[in-house]
Amino acid sequence: MPNENRKRGKKHKKTQEHSQPSRDTGSTDHAPQNSERPSWIVPAQESEEDHSEAPFGYVDPDIKAYFRTVDDQIRTWQQERPYEEDQAADLDPNEAKRIFLVAALTEMSEKEKQLATDPDCSVVLERMAYSMDDFVRRVFLDSLSGSYEALIKHRFASHVCQTLFTVAADTVTRETKGIYPSVADSKDKGELRTLTRLILDICEELTPVFTSLVMDPFASHVLRALLLLLSPSSSATSHKAQSNMRSKKSSAWKARQGTMKSVFADNKSHDHVNSTRSVPKEFHDAATRFVRVLKSELSDNEVRALAANKVASPLLQLILEVEADHGESSLPDSLMDRVLVGIITLCHRNPDEQLEASDYLVTLLRDPTSSHLLETMVSRCPDPAFTVLWATYFRGKLARLATHPVANFVVAKAAERLNPAQLKVALEELESSWSKVIASARTGVLRAMIDRACKLRVHETDICQAVCSTFELLEPKDRNHLVSCVLVLKPLREYMAPGPTKHSSEDAQKSSKKGNMDDSKESKVQGALILQSLLRLSEPHCMIVTESIKSLPTEDLILLSHNPISSRVIDVLFESETVPFKVKRTFVMSLIGHYHTLVDDRIGSRVGDRCWAFADPYLREKIARSLIVHEQFLAASYFGKYFARNINLYLLQRRPEEWRELQSQSKSSSGPITSPSSLPSAPSQAAQRPNSNDAEVSHLSKSSKKRRSRPEDEIDAVFNASLGTKVKRTAVSATDSSEKLVVQNSMDQGLQDVLGAIRAAPGDDSSRGKRQRKC
């Protein structure tokens with residue numbers, strides 16, 4: 001094709017009558033297109049449909065450049081650490097940020113809609129929303145009023161609205177408690193609505209079009225955020241509901257934008273609000289209104305069609321949660337009744353009638369998208385409906401469903417509601433299928449059965465027998481390998497089989513660093529979860545795990561503690577209330593003599609902290625005295641030095657009585673053992689502690705080495721006598737105020753003894769220095 005006839009973009013076929021007049025008549029519309037300008041230039045009137053990307057107009061390039069600098073500055077502040085913000089303690093760290101944010105908000109005035117629909121500026125608004133105070137949020141939401149239907153359907157503005165609804169939860173909670181921001185006098189007339197009133201007005205604006213927005217790819221995410229704001233129940237604010245707030249693509253994109261949080265330091269108005277926050281009664285009414293609109297405007301088949309839709313299914317799942325929270329799911333013809341194909345209606349009319357399985361629910365059970373919705377219904381449906389659902393769709397089919405890649409998650413969720421009789425039948429049905437479950441690494445059903453037996457305190461013997469038979473641990477002596485086999489999800493025969501014989505030294509070193517006993521026997525998360533569930537069984541039954549841990553050699557036990565997966569089993573060993581105290585104490589004592597190796601690791605140091613927190617003062621002294629010979633090893637260890645600082649070996653060697661008193665006080669005030677999530681790990685300690693004392697300790701240690709390397713003269717002695725106490729005060733970090741005082745006094749006394757010996761030494765330092773220089 002000749003170059004003059006080529007055009008960029010999509011090809012458009014022209015009919016003969018449209019193309020012929022342009023050549024014959026030489027009209028002014030088409031002739032310049034071929035003669036005076038390149039062929040790829042498209043006239044503006046032909047691209048009018050592209051204005052849908054900017055329904056409120058385009059942003060001026062200068063404004064976009066300004067907000068690009070705003071984004072860079074806010075991102076820098078959000079990535080700052082607390083110790084960087086406290087460098088100038090005499091100045092308010094928030095003042096400069098507040099002035100900068102006010103300037104940006106002033107520039108944004110009357111351009112909110114254009115900025116929200118701009119691909120570059122929309123993320124800037126999201127970042128600024130976390131730093132807005134209550135008054136600014138009210139102004140911003142009010143400026144978008146009347147256009148929310150178009151905004152939440154927009155590709156970029158929908159995320160801005162979603163972020164605004166998310167951060168609005170803090171402001172609504174404060175308004176519910178009667179806390180309102182002070183508003184300065186302004187020349188503008190009119191009354192600014194509260195954020196609570198603004199949210200209710202937004203709901204009224206979206207109610208007429210709610211049904212059409214359910215299947216919109218951009219609006220559905222915003223509606224989820226709005227429903228969570230209106231109905232913050234325990235089920236709706238669960239981790240699963242929060243994970244469905246954004247699509248995978250949107251979540252990945254937002255993760256690349258860095259941390260989004262308030263830039264203000266120690267601002268009490270931006271405190272995090274927990275999931276049990278209170279909301280006005282009008283919010284519950286608004287959420288119920290959305291449920292009733294969807295129920296009145298959609299037929300039964302249309303509601304069931306939403307379950308299979310990838311866009312609408314997560315939103316329908318949240319709507320069913322809201323309906324169950326408000327007590328309407330147990331009524332006939334509810335949304336849950338429609339999705340369950342009339343099971344709830346059947347329970348009301350004729351509970352004894354035998355229900356025939358529906359192909360629709362059988363499809364939902366095995367569909368990757370719809371199975372999440374079925375999990376919600378299994379968890380939230382009324383008890384009579386669950387009984388019918390279990391008997392119709394699960395009982396007698398567990399052997400196939402438990403090994404299915406999708407249906408096993410639904411079975412595991414259903415197992416959480418089984419009564420003792422149903423649990424007994426399920427265990428008998430799956431007795432011959434556990435080996436297939438383990439071989440496929442789909443252990444959710446087994447773990448759910450263990451947790452249910454633990455909660456009901458029934459059939460625990462059957463559960464233990466099922467686990468032992470699954471891993472071929474038939475003899476009592478074979479049960480010592482329970483932990484090793486379950487962690488790698490292999491029966492005893494496969495676990496004891498010889499693995500690959502040829503391993504390079506580098507691979508073996510990497511394997512030991514990871515905490516794995518062999519490359520082919522890496523710990524699995526599913527296996528660790530099964531062991532954790534077994535440890536929560538009652539005392540006679542949880543002993544099969546503790547006895548297996550007790551039988552492990554010390555080297556394997558340390559490797560177990562160094563592994564990030566298997567170390568969680570040790571956490572539950574201390575945390576479980578059913579594990580006897582004697583077993584925990586025996587575990588702590590079995591590591592005496594090896595604690596220096598245990599804490600010389602990122603994960604092992606956390607296990608060492610747990611053992612120390614559990615130990616009584618007598619056991620702590622035994623641990624500490626076993627580490628005196630390894631004091632230099634701990635000091636050179638990146639992770640072990642914090643453990644050594646915590647046990648305070650220096651004070652134990654010089655004042656053991658005071659050390660015991662301090663340990664008794666700290667043990668009595670420590671209380672129960674904290675959970676693994678709240679217990680600080682060694683990396684977090686390594687990130688925090690060097691900022692305060694570690695830098696000073698390293699600096700002082702370097703200076704002390706330099707002083708010891710050269711002969712001390714009279715001037716050094718004078719400075720040491722006057723400044724010695726200040727050096728010691730920062731050189732040692734104690735965990736208690738009284739401990740700090742004791743350490744300081746002991747070091748001061750020791751320093752005075754050393755200085756007195758130096759002063760009493762014969763000879764002249766200056767003459768000795770001269771003799772050295774002559775040599």
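A residue counts as buried when its relative accessible area is under 20%, as exposed when it is over 50%, and as partly exposed in between. Keep that scale in mind for this predicted model, a chain with 48 helices and zero strands. Val341, at 31% relative accessibility, falls in the middle class, so it counts as partly exposed.

**The chain as a whole**

- There are 775 residues here, and 44% of them count as buried.
- Take the contacts between residues at least 6 apart in sequence: 74% of those join residues at least 24 apart.
- The chain's accessible surface adds up to about 41,000 Å², and carbon and sulfur atoms account for 52% of that area.

**Helix H36, tucked inside**

- Helix H36 covers residues 567-575, and seven of its nine residues are buried, so the rest of the structure largely encloses it.
- If you want to find the buried ones, look for Ser567, Val569, Ile570, Asp571, Val572, Leu573 and Phe574.
- The cover over these buried residues includes helices H33 (525-535), H34 (539-550) and H35 (554-562), which come before H36 in the numbering.
- Helices H37 (581-590) and H39 (604-614), with higher numbers, are also part of that cover.

**Helix H42 and the residue after it**

- H42 runs over residues 640-647 and is mostly covered, with six of its eight residues buried.
- Its buried residues are Gly640, Tyr642, Phe643, Ala644, Arg645 and Ile647.
- Right after H42 comes Asn648, which has a positive phi, near 60°.

**Two loop residues with positive phi**

- As background, most residues other than glycine have a negative phi.
- Asp333 isn't a glycine, yet its phi is positive, near 65°.
- You'll find Asp333 in the loop that links helix H18 (312-325) and helix H19 (335-339).
- The relative accessible area of Asp333 is 40%, so this residue is partly exposed.
- Val341 is another non-glycine residue with a positive phi, about 60° in this case.
- The loop that holds Val341 lies between H19 and helix H20 (343-349).
- Val341 has a relative accessibility of 31%, above the 20% limit for buried and below the 50% limit for exposed, so it is partly exposed.

Terms used: Residues are numbered from 1 along each chain as its sequence is written. This is a predicted model: local features need pLDDT of at least 70, side-chain atom pairs count only at pLDDT 80 or more; totals for chains, interfaces and linings use all residues. Side-chain values use heavy atoms; hydrogens and water are left out. Buried means under 20% relative accessible area, exposed over 50%, partly exposed in between (1.4 Å probe, protein chains only). Helices (H or I, at least four residues) and strands (E, at least two) are DSSP runs, numbered from the N terminus. Contact means heavy atoms within 4.5 Å. Accessible areas come from the Shrake-Rupley method with a 1.4 Å probe; for residues, only the protein chains shown count as cover.
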